[in-house]
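Subject: Handing over a structure

Dear colleague,

I am passing a structure on to you, and below it you will find an account of what turned up when it was examined. Please read the account with the structure open beside it.

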Amino acid sequence: MDVSTHSVRGDWNSLARNYDARLARGLALAGGKVIPSPQTTALMEAVIEPGDRICIEGNNQKHADFLSRALAEVDPAKVHGLHVVQSNIALAPHLDIFESGIARRLDFCYAGPQGLRLAQLVKAGKVEVGAIHTYLELYSRYFADLTPRVSLIAAEAADRDGNLYTGPNTEDTPAIVEATAFRSGVLIAQVNRIVDKVPRVDVPGDWVSFVVEAPKPHYIEPIFTRDPGAITDIQVLMAMMVIRGIYEKYGVTRLNHGIGFDTAAIELILPTYAEELGLRGKICRYMSVNPCPTLIPAIESGFIEAIHCAGSELGMERYVSERSDVFFIGRDGTMRSNRVFCQLAGHYADLFIGSTLQIDLEGNSSTATHARMTGFGGAPNFGSESRGRRHGSPAWLRAGQEAHRQGMPRGRKLVVQMVETFKEGLAPTFVERLDAWELMDTFDMPLPPVMVYGDDLTHIVTEEGIANLLLCDSLAERAQAIRGVAGYTEVGRKRDRQMVEKLRARGAILYPEDIGVDKRLASRDLLAARSIKDLVRWSEGLYAPPARFKNW
Amino acid sequence: MIPARHSFLEATARARVRGLLDAGSFREFCGPAQRRTSPHLPALGMPVAFDDGIVVGEGTIEGRPVLIAAQEGAFMGGAVGEVHGAKLTGLLERALDTRPDAVVLLLDSGGVRLHEANAGLIAMGEIQRAVFDARAAGIEVIAVIGGRNGCYGGTSIVARSCDRIIASEEGRLSVSGPEVIEAVEGIEEFDAQDRALVWRTMGAKHRRLTGEIDEIVADDIDAFRSAVAAVLGAPRPFDLDALEAEHARLAGRVARFKGAKDAREIWAALGVNDPDRVSDIEADEFNRLVAVLEGDRP
């Protein structure tokens with residue numbers, strides 16, 4: 001066989017040369033790294049090429065909204081057929097570019113409020129969806145087959161050399177920047193202000209191609225603020241069961257909380273209920289979660305010792321800055337967040353707990369609803385068994401003993417869903433068949449969009465009790481354990497009473513009285529803070545809630 | 001650590017009554033067992049409440065006899081319908097016979113129940129007349145505001161007809177509600193979603209500073225109880241001189257503040273050094289501020 005020693009191609013630096021050409025076109029127009037905001041669209045026409053892969057930064061909170069609008073105004077004759085690779089489809093211009101043909105293909109994680117319109121555009125053939133990802137998956141593909149040629153990012157401030165300060169909402173910026181800048185991609189940053197010297201350098205200037213001062217600060221949404229005033233007695237009951245039946249039993253110290261009212265109830269009874277049980281220092285010590293205001297009492301009372309955040313939360317900036325023993329703070333005194341590292345920390349924690357809309361008899365859960373294309377976000381990575389984990393911890397080993405009763409001893413991550421048996425409008429949470437199946441057909445997806453798979457799930461907590469799926473030996477037992485906590489839903493009413501009693505004797509079903517939870521104590525009186533104002537009081541005035549959450 | 005307390009804001013009407021009265025002293029009139037429900041709501045296909053959203057009865061506060069009413073804000077926003085209004089009017093009329101130390105009205109209402117139209121409006125007039133009859137007979141009527149619905153519409157007029165008003169800072173007092181103002185005058189005039197604006201315009205602290213509310217207490221049932229107990233049996237003058245003095249005060253207030261664009265301008269004009277902080281300070285600090293301001297007044 002004749003093996004050639006010659007390279008298969010003669011040109012090994014085409015991406016870099018292409019970058020140089022783009023930069024030269026941009027500089028010819030802008031004259032320097034800092035461009036005046038009215039020229040933003042013209043700059044994009046100069047540096048973006050048809051068919052480019054492009055990322056418009058935007059996640060739950062921070063959005064490169066000015067750049068997104070500027071992109072929507074480019075001439076489709078010059079810029080078209082883009083392949084959008086970004087985590088969140090949240091703003092109208094994100095989809096406007098598909099309507100006008102500027103963009104064609106889409107790989108994303110989450111669509112939220114634009115889910116309905118996205119679904120319509122997919123049906124109309126305007127959007128070709130590659131795949132819907134979790135955050136970690138999409139970022140991972142940035143470093144494989146989906147590296148952006150151009151990324152539009154958002155930062156708090158920049159200096160004239162392009163050094164960027166992201167402020168507390170660093171979020172996804174490092175992942176996007178790393179992939180783009182080191183594979184000859186163009187980075188355009190919108191900043192709230194140009195300064196002589198940035199408070200700290202979150203992105204070095206020589207990675208950044210162009211900087212524009214946006215006319216208005218980038219959009220940030222306070223999506224992690226839960227008003228304790230809306231927490232119900234039922235949620236307090238479920239929180240008590242979680243603390244006794246799971247946190248105390250396994251000794252859970254490292255964990256991730258979802259962002260609903262259910263988990264907020266847990267946070268708010270740590271200083272009262274868990275304190276009385278003597279659990280301070282024994283549970284909930286390290287968290288991977290955004291700085292949710294409802295965490296303040298648990299921090300102040302010495303429960304939570306350290307928190308790493310995926311992003312920040314409006315109004316929490318000063319409080320976080322003043323608690324540098326707890327949060328990750330830069331030398332400048334403001335927080336640095338990072339979604340990738342927070343997701344990783346949560347993935348390798350002892351426990352994930354969150355809420356969902358539907359659970360089937362295998363324990364598969366989904367937040368998909370009819371007519372919307374919403375996606376996954378971060379929950380599947382937080383809420384899955386970490387099979388690559390090797391280090392031990394009491395909670396992980398204890399759960400492992402239950403999960404692997406024969407053969408090779410192993411650990412097990414706890415993955416918990418905390419749900420009321422009925423949702424708003426008396427829609428049952430427990431169903432024989434997830435709506436996700438229909439959604440798969442509607443949107444021609446390869447699989448039903450399941451948020452947390454049943455075999456990743458270990459516990460379901462409802463107002464009726466706890467199902468411990470680790471102690472179920474067959475799918476039939478698992479189904480009965482789920483029916484056994486499904487209350488008065490159709491699924492719950494079809495339980496086999498004998499099987500349920502058998503499972504209860506084994507500890508695979510636990511009712512409040514089995515774990516020493518006194519239902520009569522389950523009231524809002526247990527909440528360490530009952531209102532947003534109480535959270536301000538706990539923070540000693542450091543938490544400054546946005547106006548929409550005030551009632552004073 | 002925030003000390004344990006029993007929130008008035010969160011409590012039901014019945015819990016508020018229990019908390020304000022001496023333990024075991026409450027005797028309810030026309031209670032839910034009698035099922036005096038609205039005759040109008042079923043015609044509209046709407047659910048009724050067995051007490052029509054108001055609890056009325058008698059009891060004692062620190063041993064002193066009172067009549068008490070509490071609107072249930074969770075039923076139709078505490079709105080006043082025919083039965084609801086008749087129960088309140090009847091309670092006030094009873095005061096003329098039993099002569100309690102006070103009639104205490106725990107108001108938590110958006111005003112007239114629009115579904116009952118004229119019946120609700122007539123009820124408002126009857127309630128107000130009954131308040132005046134009681135006061136004319138020398139019986140004190142105390143309004144208490146600290147529920148989620150605030151005190152709006154006709155109920156706000158009833159409140160201002162009473163001897164005095166005790167409120168928590170979560171309480172609101174205004175004739176027109178935020179959404180109504182926004183709908184009529186436009187979002188540029190009043191953004192009903194801006195809760196900080198709503199509270200500094202209609203909230204109890206502002207009403208205290210402008211002289212419409214008499215006392216601010218923390219959101220705590222015991223704090224309300226103490227404040228009510230402290231003023232029992234101390235009716236305000238209810239005669240022509242008092243009315244003319246109030247008219248003169250209100251006319252002076254309009255003249256003094258009519259150019260103000262925001263409540264904070266009024267607070268500054270009243271002598272508050274740091275108007276931006278007023279919304280955030282606690283009830284006790286606020287009351288010290290008010291004491292200083294009033295002491296300074298000529």
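Contact here means heavy atoms within 4.5 Å. Please bear in mind throughout that this is a predicted model.

With that meaning of contact, 18 residues of chain A and 20 residues of chain B take part where the two chains meet. The size of an interface is often given as the accessible area lost when the parts come together. For chain A and chain B the buried area is about 1,700 Å², and 45% of it lies on carbon and sulfur atoms. Within the area that chain A buries against chain B, A:Arg537, A:Asn551 and A:Trp552 account for 36%, which is more than any other three residues supply.

Polar and charged groups also take part across this interface. Between chain A and chain B, 10 residue pairs are in polar contact, both residues being at pLDDT 80 or more, and five salt bridges are found across the interface. In one salt bridge B:Asp280 is joined to A:Lys550, with the closest N and O atoms 3.9 Å apart. On the side of chain A that touches chain B, α9 (261-276) and α19 (532-538) of chain A each supply at least two residues, and α19(A) gives the largest share, namely four residues. Sorted by class, that side of chain A has eight charged, six nonpolar and four polar residues.

Turning to chain A itself, eight strands make an open sheet with mixed pairing, in the order β12-β11-β10-β13-β16-β17-β18-β19. Its edges are β12 (306-308) and β19 (509-510) of chain A, each of which pairs on one side only. At one of these edges, β12(A) pairs in the parallel sense with β11 (residues 286-288) of chain A over three bridges, and A:Ile307 in β12(A) is the bridge partner of A:Met287. Helix α8 (residues 233-250) of chain A packs on the sheet, where it touches β10 (254-257), β13 (351-354), β16 (414-418), β17 (459-461) and β18 (466-468) of chain A, and its direction makes about 170° with that of β16(A).

Finally, over all chains the structure holds 65 salt bridges. One of them is formed by the side chains of A:Arg25 and A:Glu49, at 3.0 Å from N to O. This pair links distant parts of the chain, 24 residues apart, since A:Arg25 lies in helix α1 (residues 14-30) of chain A and A:Glu49 in the loop between α2 (40-47) and β2 (53-56) of chain A.

With best wishes

Conventions
Residues are numbered from 1 along each chain as its sequence is written. Chains are lettered from A and ligands numbered from 1 in the order in which they are written. This is a predicted model: local features need pLDDT of at least 70, side-chain atom pairs count only at pLDDT 80 or more; totals for chains, interfaces and linings use all residues. Side-chain values use heavy atoms; hydrogens and water are left out. Two strands pair if DSSP finds at least two bridges between them. Axes are lines fitted to C-alpha atoms, for helices over the stretch in contact, and angles run from 0 to 180 degrees between N-to-C directions. Buried area is the accessible area (1.4 Å probe) that two parts lose on being put together, summed over both. A salt bridge is a side-chain nitrogen of Lys or Arg within 4 Å of a carboxyl oxygen of Asp or Glu. A polar contact is a pair of N or O atoms within 3.5 Å; within protein, one must be able to donate a hydrogen and the other to accept it, and residues adjacent in sequence count only if both atoms are side-chain atoms. Ala, Val, Leu, Ile, Met, Phe, Trp, Tyr, Cys and Pro count as nonpolar, Asp, Glu, Lys and Arg as charged, and the others, Gly among them, as polar.
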